[in-house]
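Biologist: Could you walk me through this protein at the bench-side level? I would love to go through it by question and answer.

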Amino acid sequence: MADALPDRARIVIIGGGVGGASVAHHLAERGERDVLLVERSELTSGSTFHSAGLVGQLRSDPVLTSMNVYSAQLYAELEGTEHAPGWVPSGSLRLASSPARMEELRRQAGWAQRSGLPLHLLSADEAAKLFPLMSTDGVLGAAFTPTDGHVDPARLCSALAARARAGGVTIAQRTRVTGIDLDPGGHVRRVRTDRGDVSCEVVVNCGGMFAAEIARLVGVRIPVVPMSHQYVVTAPLPAGTLGPDPLPSLRDPDLLVYYRQEIDGLVMGGYERQSAPWTATARSYDAIPADFNARLLTPDWDRFTEIVANAQVRVPVLADTGVATMINGPEAFTPDNEFCLGETEVPGFYVAAGFCAHGIAGAGGVGRALAAWVLDGDPGMDLWHMDVRRFGTHYRSPGYTLARVTENYESYYDIRYPAAERAAGRPLRTSPAYPWHAAHGAVFGEKAGWERVNHYSVPGSEGLRPRGWAGREWSPCVQTEHEAVRERAGLFDESSFAAIEITGADAAAFCAYAFAGRVDRAPGTVTYTQALNERAGIELDVTLTRVAPDEFLAVTGTALGPHDLGWLRGQARAGGQDVRIADVTGGWACFGLWGPQARELLAPLTPASLATADFPFLTMRETTVGDVPVRALRVTYVGELGWELHCSTEYGAALWSTLAATGAQPGGYRAIESLRLEKGYRAWGSDIGPDTTPDEAGLAFAVRQGADFAGAAALHAARARGISRRLRCLVLDDPHAVALGGEPVRLGVDPRADVVSGVTSGGYGYTVARSIAYAYLPVAAGPGTPLAVQVDGTWVNGTVAAGPLHDPTGARIRL
Ligand SMILES: Cc1cc2nc3c(=O)[nH]c(=O)nc-3n(C[C@H](O)[C@H](O)[C@H](O)COP(=O)(O)OP(=O)(O)OC[C@H]3O[C@@H](n4cnc5c(N)ncnc54)[C@H](O)[C@@H]3O)c2cc1C
């Protein structure tokens, strides 16, 4: 018998897998009763029932780590109830079978310290004591996380669903969503099912690999691809050979394999180098059969041969052990191996899907965050790396999405070096100056589909090559480009920066409320400003130009356009204002000319007076450069005199050629990064974000006093409480030790001191000749405080600097 279906519910969750059940449980736990979960078949009948159930907590992103830590705690807590999910706190081992992997393990140990997660580095022999079946051949070491474990996925899903039901959630199985209706304002208002319609205000799409199909009902693109993933359950192993009970799970990423105990045998799976997308092609979106529930795919032994061979290398007894079952199940993978969470561009339509084979580990944390997002309008933490708005419109292409997902799956266990570039789907988005860059030796990186110059292949000195990870993608050309900006002038292509136009009768009033800075100024002014959320956290960090009384242009980071656009539109909807907010990135090329000679190089090309009296810092003038009409903005992200020159895209190639002919040194984003670190300019997504307030970030100067703006009440409340931490510039004693972000930080020189923080961003400053890092430190840790940062596993001493290392008074930018 089908469960009863109400005709209305405030919140409808689609999907009865572990994701939907967890969202339902957490909504109920927050006291929300008006919730309906619909499942087209039966609970757990999607990807959840065939999961291997491993729960690993550590991720490079501390927020995701904290979510997984919460999951493990929740599953352990449920184990003591009538709805025990079969939680086994087995611990887990991760082996290093190569020097590079050992280096990665040391860095991961640092991430664990930063996140407060117990993780011990062990020798190969120590690891073998915990997992006696393993061969230690080629093993250089291991990381042991004692609080990891595994769980029975179907029982976990049932336990969460039972909790949700007990909390008042209605669960309707055998109820298929066939349509979703929007109101005239584009907001979710009704879900149509094969058993009747349900009016609602919010829909949470927990459709797993079906999430893309469900989102297509409202014209939203969720870039997930069903990928076949396989593991085997072995026959029982000889009695007494397994080792400790419970046996820790084991991952050997160099061999692409993982194992866990299954009664008296093992579960063994892996990530093949040759992936198998299911039903999605380069020309068409997924087409999962309507009756694909509680079903598996046909085992693909050919593809699994590589995994079997590798598995026997690490656990030789498997060569003589039979296979009881092979599981080949489809799972939703995303282009970057992170979840898809949050509200989409359709108001009221949320998603929690795309779990990339760590949905069991993540489900607890995901459910809690989504419940907060729906009920509070904010997940309560910085989920940018998992926010569905990180994907631009180019992911509407099934071919591009497939290429990125495939590359991601096939490199699942590869070491993710921060500066490494991906190859799939390139080139896609290019600046009008792209042919020039390519012809002049540019080395490109990719961000949000854009080809961006990392650096050119200019001759330079050998200079300083950092040790470890920072030295891997290092080039002496960056130093040459950096020094040119400080000493003469550099030229940069920033056309990828997202541009958002805000126009309309209420544009000025809207901006005055949405942004924390004083933006209601005369046309032609530029304001560096933030927009704050209800926790006073920094949601947006932009330069806002008032182009006309009713027109503003916000320039933000390359990958941040959809996020910033979504946030601004949400504010406009909430305020009911008459504004149009549009992404105009593609309409504009943008080039930065900066350095002490910028004025003298630019002056002969333009009729505008560039004298400070006529063209002060933080102003914009409409003029021409060469034959090109431009908006010239006197702003900088490198800490030198100069201009950003914005022109309509069709003029871009001509403008770049004109500027390149001035003799300014063309440079790339690596030089910009080094320059901005010296100057102390913040980067959203690393130094600042939704979890950091302007006061903590040292940006209080950019906030209006005594004004009413979004987040003002929270900011005032935070000020009344007083801040406990502040973003500080750190300099390390060893210039060859360069932090990249994520490294743990401890105060003082005592090696037993606790880790207090993590590096937000770091790099080398060529002008100041220092290794620089930024981190949030307790307020008392002021300038001169000694500290240590763990770079590639080694503690390096350093000191808190007094302020920006370069031009602390800002004199050079106001020349
Ligand atoms: C072989 C394999 C091994 C794995 N091993 C691990 C592991 O060790 N550790 C780990 O953390 N993760 C693992 N995973 C991943 C994990 O299983 C998934 O991430 C997780 O189960 C996904 O849960 P979900 O709720 O998002 O999706 P699902 O469980 O697929 O649930 C989605 C539900 O939505 C329903 N639905 C779809 N369309 C509609 C509609 N129109 N109307 C109503 N309902 C609809 C479906 O019927 C389905 O039940 C593994 C996955 C696979 C395939």
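What follows is a short talk about the ligand site, one sheet and some backbone details.

Modeller: Happy to help! This is a predicted model, where local features need pLDDT of at least 70, side-chain atom pairs count only at pLDDT 80 or more, and totals for chains, interfaces and linings use all residues. Residues are numbered from 1 along each chain as its sequence is written, and side-chain values use heavy atoms, with hydrogens and water left out.

Biologist: Which residue has a polar side-chain atom 3.3 Å from a nitrogen atom of the ligand?

Modeller: Polar contacts here are pairs of N or O atoms within 3.5 Å. Backbone atoms take part: a polar one of V18 is 3.2 Å from a ligand oxygen, and one of A361 is 2.9 Å from a ligand oxygen. The side-chain contact to a ligand nitrogen at 3.3 Å comes from S51.

Biologist: How much of the ligand's area does the protein bury?

Modeller: Accessible areas come from the Shrake-Rupley method with a 1.4 Å probe. Taken alone, the ligand exposes 1000 Å². Of that, the protein buries 98%.

Biologist: How many residues around the ligand are charged?

Modeller: A residue counts as near the ligand if one of its heavy atoms lies within 4 Å of it. There are 38 such residues, and E39, S47, T48, N293 and E331 come nearest. The shell has 15 nonpolar and 19 polar residues, and the number of charged ones is 4.

Biologist: What is the strand order in the open sheet of 5 strands?

Modeller: Strands are DSSP runs of E, at least two residues long, numbered from the N terminus, and two strands pair if DSSP finds at least two bridges between them. The edge strands, each pairing on one side only, are strand 24 (526-532) and strand 27 (580-583). Strand 25 (538-548) and strand 26 (551-556) run antiparallel and are joined by 5 bridges. With antiparallel pairing, the order is 24-25-26-23-27.

Biologist: Which residue stands opposite A548?

Modeller: Strand 25 covers residues 538-548, and its antiparallel partner, strand 26, covers 551-556. The residue of strand 26 opposite A548 is E551.

Biologist: Where is the residue with a positive phi of about 55° although it is not a glycine?

Modeller: Most residues other than glycine have a negative phi, and most peptide bonds are trans. I263 has the positive phi. I263 sits in the loop between strand 15 (257-262) and strand 16 (265-270).

Biologist: What is the omega of the peptide bond from D245 to P246?

Modeller: P246 lies in the loop between strand 13 and strand 14 (249-252). The bond from D245 to P246 is cis, with omega near 5°.

Methods
Helices (H or I, at least four residues) and strands (E, at least two) are DSSP runs, numbered from the N terminus. A polar contact is a pair of N or O atoms within 3.5 Å; within protein, one must be able to donate a hydrogen and the other to accept it, and residues adjacent in sequence count only if both atoms are side-chain atoms. Ala, Val, Leu, Ile, Met, Phe, Trp, Tyr, Cys and Pro count as nonpolar, Asp, Glu, Lys and Arg as charged, and the others, Gly among them, as polar.
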